[in-house]
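Me: I would like a close look at the charged side chains in this model and at how they pair. Please take me through them with care.

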Amino acid sequence: MSGHGHGHGPGCGCEADHEPAERGLEFGLYRRIDLQKLQCLNESREGDGRLVFKPWEERADREKFVESDTDEELLFNIPFTGSVKLKGVVISGEDDDSHPSEMRLYKNVPHMSFDDTGREPDQAFRLNRDTKGDLEYPTKIARFSNVQHLSIHISRNFGADSSRVYYIGLRGEFSEAHRHEVTICTYEASANPADHRVDNITPQTHFIS
């Protein structure tokens, strides 16, 4: 099999050819989202919020998008299947006033509602219009180093009655969730209390932050 089919002289553009694949790997966190539990509040059509979390190479696809319903706000509740170190976010919309103009990020606040968005976000961004998904907004990595749940609040757009989003890309690192080993207990059909000492049993509670 031949390579690119052209010489690798100066200005051949091979680095540019390779960049999408490399960027695609960097923006692979969409595969680590528990899509069945993902929520998008104020979406005009149920389930559309999940469609914008897609492969990097599909970010310019205009067939899949989410549009807000009663006003310009959208709120994504994004649960991951493990722990994420979030390094950057890309958000792509239409080249008009429906494009989001502000994005607010909240870490580890499951089941957020619009009533909860009055709290201070972990980070907020003023957005530029981006129809191709080329602009990345870098996060404060130290603040987003142990994320099991991410909420993205689109709080406003450039002036339209509704907001439209085609793509949300998440760049970062993923770690599998730590699973506690399951202890299988065998119970006697008819236990004799005299055979079982309970003096030393101490109840334990595990808190997962």
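With which residue does R164 form a salt bridge, and how far apart are the closest N and O atoms?

Reply: In this predicted model, R164 forms its salt bridge with E67, and the closest N and O atoms of the two are 3.1 Å apart. The pair links distant parts of the chain, since R164 belongs to strand β8 (residues 164-176) and E67 to strand β2, 97 residues apart. R164 counts as partly exposed because its relative accessibility is 21%, and E67, also at 21%, counts as partly exposed too.

The structure holds ten salt bridges, and some others can be set beside this one. The side chains of R62 and E94 meet in a salt bridge, with an N to O distance of 3.7 Å. R62 lies in the loop between β1 and β2, whereas E94 lies in the loop between β3 (74-93) and β4 (100-107), so this pair ties together parts that are 32 residues apart in sequence. R62, with a relative accessibility of 29%, counts as partly exposed, and E94, with a relative accessible area of 23%, is likewise partly exposed.

A further salt bridge joins the side chains of D48 and R45, at 3.0 Å from N to O. Here the two partners fall into separate classes: D48 counts as buried because its relative accessibility is 8%, while R45, at 52%, counts as exposed. Elsewhere, salt bridges that share partners join E102, R126 and R156 into one network.

Side chains of opposite charge can pair when their charged atoms come close. K54 offers a case for comparison, for this lysine is buried yet has no salt bridge. The nearest side chain of opposite charge is that of D61, at 4.3 Å, and because a salt bridge requires a nitrogen and a carboxyl oxygen within 4 Å, the K54 and D61 pair is not counted as one.

K54 lies in the loop between β1 (39-41) and β2 (66-67), and its side chain has polar partners on the backbone instead. The side chain of K54 reaches the backbone oxygen of Y166 at 3.0 Å, and a polar atom of that same side chain lies 3.3 Å from the backbone oxygen of K64. Leaving aside neighbours within four places in sequence, the residues in contact with K54 are Y30, R59, D61, K64, Y166 and Y167.

Definitions and conventions
Residues are numbered from 1 along each chain as its sequence is written. This is a predicted model: local features need pLDDT of at least 70, side-chain atom pairs count only at pLDDT 80 or more; totals for chains, interfaces and linings use all residues. Side-chain values use heavy atoms; hydrogens and water are left out. Helices (H or I, at least four residues) and strands (E, at least two) are DSSP runs, numbered from the N terminus. Buried means under 20% relative accessible area, exposed over 50%, partly exposed in between (1.4 Å probe, protein chains only). Lys and Arg count as positive and Asp and Glu as negative; His and the chain ends are not counted. A polar contact is a pair of N or O atoms within 3.5 Å; within protein, one must be able to donate a hydrogen and the other to accept it, and residues adjacent in sequence count only if both atoms are side-chain atoms. Contact means heavy atoms within 4.5 Å.
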